[in-house]
Amino acid sequence: MTKKPIKNRSLANIAGIVALATLVSKIFGLFREVTIAAVFGIGPVVNAYRYAYVLPGFLLILLGGINGPFHSSLVSVLAKREQKESAKIVETVSTIVSIFLLIVTFFLIFFADKYIDIAAHGLGAQSRRIAIEQLKIMSPLAVLAGLIGIGFGTLNAANLYWLPSVSPLFSSLITLIGLGIFALFLGNQVHSLHYLELGGIILAATTLAGGILQWLVQVFTQWKHGLGTLRFRLNWRTPGVSDVLRVMIPATLSSGMLLINTSTDMYFAAPIEGAAAAMSYSNFLILTPLGIISNMILVPLFPVFSRLSDPENWSQLKIKIKEGIFLSALTMLPLTAIFVSLALPLVQVIYQRGAFDRSASDVVVPVVMAYGLGMFFYLGRDVLLRVFYALGDGSIPARISIINILLNFGADFFLVGPFKTPGLILATVSVNIISMVAFLLILNRRLGGLPVAQWTVMLFKLFAITLVSVLVGWGFDYCWRELLPIHNHLLSLLELIVGVSLVLTCFIGLSWQLKLPELEMVFQKIRQKLQKR
């Protein structure tokens, strides 16, 4: 193997590129969700789509996303080799993955009705019919997901970050155009029985077309840089292929545990009217800032964890673990305060238009609040997960993932009754809390002791500050609606701007009294950016 010379490229620079590209993609993705909400609301088309999209969409995110198993395995191998060696590895891995995922695609097409009946028991007849057709149409996304993930990792290994990170916007763009044309030509007829089913087909078809375009954009760039073509190559002995598969297969199986948890949530949600749509709209609203911030934190920290994984560097590793946890807290907890206290104006500003009316907002708002409660624990768990990967240990996360499946099922069962849809989200939040605590305790033992008690006290102080900020937001929201009971988008936007400013001022002002170095670090970086400009 020819070793690839190390290129001096700033981690901060890479993180900035990824963050900006992710922001652009997320903005287009948000426009896409807003358009779907305006055209279909939380009715049968969206409910059907959420079930039909579970498997193809999960594969697209899992296999085709940043930090996914395909991306990570390709980067880990190709980054160590000369670029001229990459083409054969990429073509061979693409061939192997495509054969397997083609089989998955055929199963999805031929057993679409069976899958929907199992995954969405209790779904209405119209939604069931639409979901089956949508799943058949979107099934090829399984193959595209693998190829997109391979392309993502291949381009990143070649120091090409912007295009793969921004490529999801092409998928969103196709759906935006398709639904825009559909709504423009049919007007109010989109809600009739016949055109609803047509709308469901168009939604699925544009999703597939968007996936194709996203892949084409990446594959042409691969060809341009000599990083592999569509050549059929099935030589297992190609140097580097076994290295890729050795990382890819167990990482994919471990990450696939999340699909079981998602399917469990959707199973319990099926009998609840509008639950799947509410979960989808809320999830995307939460993941927009969470995805951007998590990339900004995890992308630079992961290689640092890896460099400090030897026992002689563990004292520095502990400092970086604390940095990751408290950066997560200081970025996620103010967002929690905003999403919990100002969920109604937020949902109204983003979604409430067209078919998405006030009654739809009332369904989505409690789900947004429930998601908001878990933002810190989601990101904090991911930080600790990266520490295990940096230490070369994938077995502990895999075991905890299996335990989480059982915990999630039990929590869903007990919480869905009293809390309905928000109960399913609270179940996920509780499982993430348990996972984070388990990771922390195991690392405490493995690394010869962490200042867990000290960190816990400081985190509880931040939780208390978050609660105060929530009360400030709630108080402001109550007073605003008492004084201005009439709703329009301009007033909701103004309320949101003022409310967010108050909540952030409260959180930052109180947090500053704790004199956390991580908070000073955040403000120092902001000042540096402003000074440069």
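This short talk describes the overall make-up of one chain, two pairs of packed helices, and a few individual residues.

Good morning. Please keep in mind throughout that the structure before you is a predicted model. I shall begin with the chain as a whole. Its secondary structure consists of 22 helices and 0 strands. The chain has 533 residues, and 54% of them count as buried. If we take contacts between residues at least 6 apart in sequence, 84% of these join residues at least 24 apart. As for the surface, about 23800 Å² is exposed, and carbon and sulfur atoms supply 69% of that area.

Let us now turn to the helices. Two packed helices are described by the angle between their axes and the distance between the axes.

The first pair I wish to show is helix α15, residues 314-341, with helix α20, residues 452-483. How do their axes cross? They come within 8 Å of each other, and the crossing angle is roughly 15 degrees. Angles under 35 degrees count as roughly parallel, and α15 is therefore roughly parallel to α20. The crossing of these two helices is right-handed. On the α15 side, the residues making the contact include I321, I325, F326, L330 and L333. On the α20 side, they include W455, L459, L462, F463 and W474. Which classes of residue make up this contact? There are 15 nonpolar, 5 polar and 3 charged residues in the contact of α15 with α20. Among the participants are K318 and K322 of α15 and D477 of α20.

The second pair is helix α17, residues 358-373, with helix α19, residues 395-446. Here the axes are 9 Å apart and the angle is about 5 degrees. By the cut-off of 35 degrees, α17 and α19 are therefore roughly parallel to each other. Helix α17 contributes P366, V367, A370, Y371 and L373 to the contact, while α19 contributes T421, P422, I425, L426 and V429. By class, the contact of α17 with α19 has 9 nonpolar residues, 1 polar residue and no charged residues.

While we are at helix α19, please look at K420, which is found in that helix. K420 is not a glycine, and yet its phi is positive, at about 55 degrees. Is K420 buried or partly exposed? Its relative accessible area is 48%, so K420 is partly exposed.

Next, I ask you to find helix α14, residues 275-307, which holds M296. M296 is partly exposed, with a relative accessible area of 45%. The C-alpha atom of M296 is separated by 9.8 Å from that of T22, although these residues are 274 apart along the chain. S280 also lies in α14. The relative accessible area of S280 is 16%, and the limit for a buried residue is under 20%, so S280 is buried. Which residues does S280 contact, leaving aside its neighbours within four places in sequence? They are E33 and R50.

My final residue is V503, in helix α21, residues 489-512. At 0% relative accessibility, V503 counts as buried. Not counting residues up to four places away in sequence, V503 touches P334, A337, I338, S341, L342, S469 and G473. Of these, A337 and S341 of α15 and S469 and G473 of α20 also take part in the contact between those two helices. The C-alpha atoms of V503 and V468 are separated by 9.0 Å, and the two residues are 35 apart along the chain.

Thank you for your attention.

Conventions. Residues are numbered from 1 along each chain as its sequence is written. This is a predicted model: local features need pLDDT of at least 70, side-chain atom pairs count only at pLDDT 80 or more; totals for chains, interfaces and linings use all residues. Side-chain values use heavy atoms; hydrogens and water are left out. Helices (H or I, at least four residues) and strands (E, at least two) are DSSP runs, numbered from the N terminus. Buried means under 20% relative accessible area, exposed over 50%, partly exposed in between (1.4 Å probe, protein chains only). Contact means heavy atoms within 4.5 Å. Accessible areas come from the Shrake-Rupley method with a 1.4 Å probe; for residues, only the protein chains shown count as cover. Axes are lines fitted to C-alpha atoms, for helices over the stretch in contact, and angles run from 0 to 180 degrees between N-to-C directions. Angles under 35 degrees count as roughly parallel, over 145 as roughly antiparallel, 65 to 115 as roughly perpendicular and the rest as oblique. A crossing is left-handed if the near helix is turned anticlockwise from the far one by less than a right angle, and right-handed if clockwise. Ala, Val, Leu, Ile, Met, Phe, Trp, Tyr, Cys and Pro count as nonpolar, Asp, Glu, Lys and Arg as charged, and the others, Gly among them, as polar.
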